[in-house]
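Open your viewer and get comfortable. We will take a short walk along the place where two chains meet, one selection at a time.

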Amino acid sequence: MNNTDTITSKQLIFIIIGAQIGIGIFSLPRLVSAEAHQDAWLAVLLGALVPLLILIIIERLGRRMPESSFVGMNHLLFGRWLGSAMVFLFVVYAVFFQSTVVRLFTEITIAFLLPRTPAPVVTLMVVLGAVYIINKGARVVARVNEVLFWIILPLLFIVMAPLVNADYTEILPVGEAGVKAVAQGVLSSTNAYAGMEVLLVFYFLVKSKGEIIKAGILGLGWTTLAYLIVTLVCLLVWGSETIQVINWPMLTLLKTIKFPVLERPELFLLAVWMGVGIRPTMNMGFAAAYSLSEVLHVERDKYFHRVVIFIAVLIYILALLPPNLIVAFKWAQYAGYTSLLAGLLYPLLMLVIAVIRGKEAPSG
Amino acid sequence: MRKIPRRGEETQPQGGHDTKGIPDIPLPQGYDDKMALLRPYVEKSHDLIARPFYLDSEMKLQACAFYFNAVVDDKKLNEHVFKPLMMHSGGWESGDFNNTDRVDLIVRTSISVGQLRKTDSFAVMVHSIFDGMLVLVFESIQEAVIIDIHGGQVRSIEEPPSEKAIRGPREGFIENLDINISMVRRHLRTPRLVIKKTIVGKRTRTPVAVLYIDDIVDHGLVEQINDRLNRIDIDGVFSAGSIIQMIEDKPYSPFPQIWTSERPDKTIAELLEGRIAIMVDGTPTAIFLPSLFIEFFQASEDYLERAFVGSFIRFMRYFAFFIAISLPALYIALISFTPELLPANLAVSLAQARKEVPFPALIETLIQEFIIQMVIESGLRLPGSVGQTAGVVAGIILGQAAISAKLASPAIIIIIAITTVCTFALPSGPLVQATRILRLPLILLTAIFGLFGFSLGWLLMLTHLCSLESLGVPYFAPFAPGRYADLKDSLFRIWLFKMNQRPLSIPTQQKQRQGRTGTEGGEGE
Amino acid sequence: MAKKGFLIIIIFLLLHLCGCWDSQDLEELSFPLAAAYDVHSPGSADPSDPPAQPGNKLVDLTTLVPNLAPKTKLPVNVETHSGVTIADARQRRGLTDADTYVTGMNQIIIIGEELARCGLNPYMDSLLRDPTIPDSMYFSVAAGRGEDILKTPIKNYSNMGNFLVALFKGIQQRTFIPATQLGEFYRYQSTGKNPVAPILERKGERVIISGVAVFKKDRMVKKLTVEEGHDLVLLRGLKGRSYLPFSKKASETYHRGAVLVRNSRKVQYNQNQQGHNFIITVKLEGSLEEHSHQAPITEEHLQEIEKTIEQQVKTQCETFINMMQEEIKVDCIDISKYALAKTRRALEKEIDNPEFIQNANIQVKVKVHLENTGESR
């Protein structure tokens, strides 16, 4: 493990926030309220339980094998060949997920900012930006996550400005949508909440393992808070039916109000636009590149950037595949479901095997 | 200037004993042998003076003094070396010179100078002559005596022109290393101050001093610095700048990674925070390592002001930094890409102004950018008052005339003017240069991709800042690895009596620097 | 290292040369400050009319674009183009307008009366899809054709667009007329919501607000007068501020005057065998502005004034509610949401039917609170 890849547990908070909050937040209110109607905010709140479960499972797993990296764990539990295959599958999942993220990010960029620029060019710039950051190692990635968090935080307050037009009856009566609807809403939110599984890779890189659970909960708490605020505001301002016709409710939300001098609050969002959309890509991309380079026994110092470029090319190609926005949204939903597989079932499987194989957690 | 050799390669030992041409042989005993060895050097330099004299009245014991004219202090030379030696010549007996300690005898009884040492190495002796020392060689004594009586003209102590203080001490460093060190010593009297001298540069043989406070600093950093200084393999050190570029972590970055200052009070403040200072002979600048990004926004008079005022000004500097880099790019992004983000009436008036200009917005901006950079450069080259007036006149006339000739719209003139003013509001020279450079790529990126390009450019810049390290210490702390306690002195300037701990961002041994009551406690002596 | 720098420079140059695809300078744009949509039936012998399906109407797009050219007499350019749809009309602009048409800075949209009665969904759809258009755009209906409003010359403002924006910006603080923004209009897509909009009318050489339009979902169903508009605002709970005159003949004293009040409302809802019951409490708070009686005002006097106003407003509101239930049959006062708040799923289907509002029992209560009497007693 290289010195440039160790991170502190405080930085882990920001990595988790960055891995989860990306462009998913823009379409989240629409996807969840399609199922859960006026209780979409409940579904969003409950949706946080899934990553919480993932966090606990991964932490238990890591505690049993604190000396092994993610690849090492796979090798220990599944044997060399099957273990490497599992790592490859994880990398494939990460690449697929990120390609949907990049594609949607490009779509929003082209729709709002650059209507005539060809999509491959915009995608290329996004991917190049991610490559530049990932190349610098986990430490720099963590620092960038932290800085971006503070810069994007004022946006959360700006999003609450449209509450002047809010109508509290839109979320009443609470709970009337029914358990089934809320559960389906939780399922739709998996795309937004995905990202906790990067902990599988980052667990090994954190120096003080004891604080990981606290960091994870804090990070997840912030994500949930952000999602909850956005969903609530969207619901209160528009109502669950009107949201259905809006592709990206959070962006349109910013257009409903006028600020005294600058008139358009989207200016703040768009000025940090790249920082908002690239965070999941850089975190999950790093996790994928790091694991891939380890399983292929690539020398970290010299050839890491080649692995990064390889992964970037894959993401680039996959991101350009869907023929239109509707298909891209569908792929993103599938990616969300796959994240349940990779985030919930896979570590659970590893944990079960670890218990069977008797890998005891070290005491203390 | 040659590169610093890669880690792991052969290091260059100190002192330059291996410099080609000066054999490191022991000095012969005989006087004539010594003179023969020294003759090639005397012939080449007519300002190298060889002054023979006799030690005894019988004219049997020859001695010779070698020195460079006007490099040694004539008065001290005559009064304290020649006079006692020659006056005493009558007192020596030839028998006195049969002892083994005869050099000591001469030295301790006759020469009334403070700094001197002996050597029996030819190379050391020659180097000492060329370093500006006075060298005495004696008949039938192997050792030569090296006496340090530096003289020559030096500048008087005056206020450094680039770091003016409105209130505060007006002392600044001068070019002489020893006097600079004395300035620091005089105001930082702790016995824990360590000053180590070394020599850098094969041919210039510039003395360089490393200062730190023993029980505060992290010794790992000291070792790194010594290591890097030793590895510098160049011909000549012309200024502190050469050393900076040699020991910086990432010389390719536009951001300065090493903080410099010409003021002793700033030096002392840095030393007390746990940093290491390097001072180079011939330059009135002191170098500090490790350096952080926030330091380039701190000016020493911030600490003399009241806390609120200081915080406000500190905050404005960060804002000025942001504006200095981004404003022209934002203008292009809003005008050429997403005009709907402008208030409608502003858009109308901007459009009407721009209608008369034949260039696209990007070209207009680049032209004005170029003009203002040239104005700045010419202002620097012109002497004194002429330079300032020329700058103002050029600015006003160029701006006004450009608008009348319809070569620029009033908006771009205002924008460039604000940008330039903000650039020069930054307190640190290297940072000003950095902003001048960084503006251009951001403009170009924005010209292709609008606000998306703007955010991309800032993201890349932020990442770059986060990845810089100074001696292993993260450069962008306390922002990046989030040492929140350090924010007290970064974005704002908290009351001095609350700054109880040294900055967390710099590894030190002792964190507490103030007692809780705010009175300056002892340093654990 | 140098190779990396070289590569970056090459990429830069390539990108610059291939095209800054979206770069269009501000002065080459034509951005409308106000737009009006109208319809007319094809078949009039206008040769420039585009071909249309028989039976379908053609839309007219009138735009008010500031004139950017220097030294011209006309500060704005108002033009009308027709097309099969709005987007088609925009395309036809391109034949006469040299600059690129950008919609993002539009601040007002005026809908002609005829178009409003047709149902606005197909025509307003482009506004919803365009990502640059802000939802804070003002939305209003024109009595007659919207085109006439925009073509009215205006003297004391730079152009009609600025005048209308200024008019709508503060209207709710000057009188009880609603100023609707586009975002509010779009909420009709939720069950139980029906927007309202102010009506602009051209009277000779002036443009005034002459009433309020009531919509059923996206179709205008009734034009209210200004007085009815006042009642609508009070009942709908839109925060406004206005002068309200009152008059009452008492036995000896004759009260006549006006108050300056802010309004707010509370709605209580319950459902029982008699059906849906709503109790709307309109609260007016403010100060006394004008009074005809000379003697200083005592506390009882003030309370009498308050009661007078309460009675007056209550009568007016009840008349309005009767009209709403009998004639309009649309919930224009936004009370169905309280019913939905209790039982959303059950009511969702039926709440938009006219029977719901026709059979609802709506009571009005008014509370007036005068805080002070101004400078004199």
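**Stop one: a pair of helices**

Select helix 8 of chain A and helix 14 of chain B: the two pass each other in a right-handed crossing (the near helix is turned clockwise from the far one by less than a right angle; anticlockwise would be left-handed). This is a predicted model, where local features need pLDDT of at least 70 and side-chain atom pairs 80 or more, while totals for chains, interfaces and linings use all residues. Residues are numbered from 1 along each chain, chains are lettered from A and ligands numbered from 1 as written, and side-chain values use heavy atoms, without hydrogens and water.

Now show the side chains in contact (heavy atoms within 4.5 Å). Helix 8 of chain A offers V140(A), R143(A), V144(A), V147(A), L148(A) and I151(A), and helix 14 of chain B brings L459(B), L462(B), T463(B), C466(B) and S467(B).

**Stop two: the whole interface**

Widen your selection to the full contact, with 38 residues from chain A and 31 residues from chain B. Together the chains bury about 2,700 Å², 72% of it on carbon and sulfur atoms (buried area is the accessible area, with a 1.4 Å probe, that two parts lose on being put together, summed over both). Pick out M125(A), R143(A) and M274(A), which supply 20% of the area chain A buries against chain B, more than any other three residues.

**Stop three: a salt bridge**

How many salt bridges link chain A and chain B? The count is 2 (a side-chain nitrogen of Lys or Arg within 4 Å of a carboxyl oxygen of Asp or Glu). Zoom in on E469(B) and R139(A), which form a salt bridge with their closest N and O atoms 3.0 Å apart.

Definitions and conventions
Helices (H or I, at least four residues) and strands (E, at least two) are DSSP runs, numbered from the N terminus.
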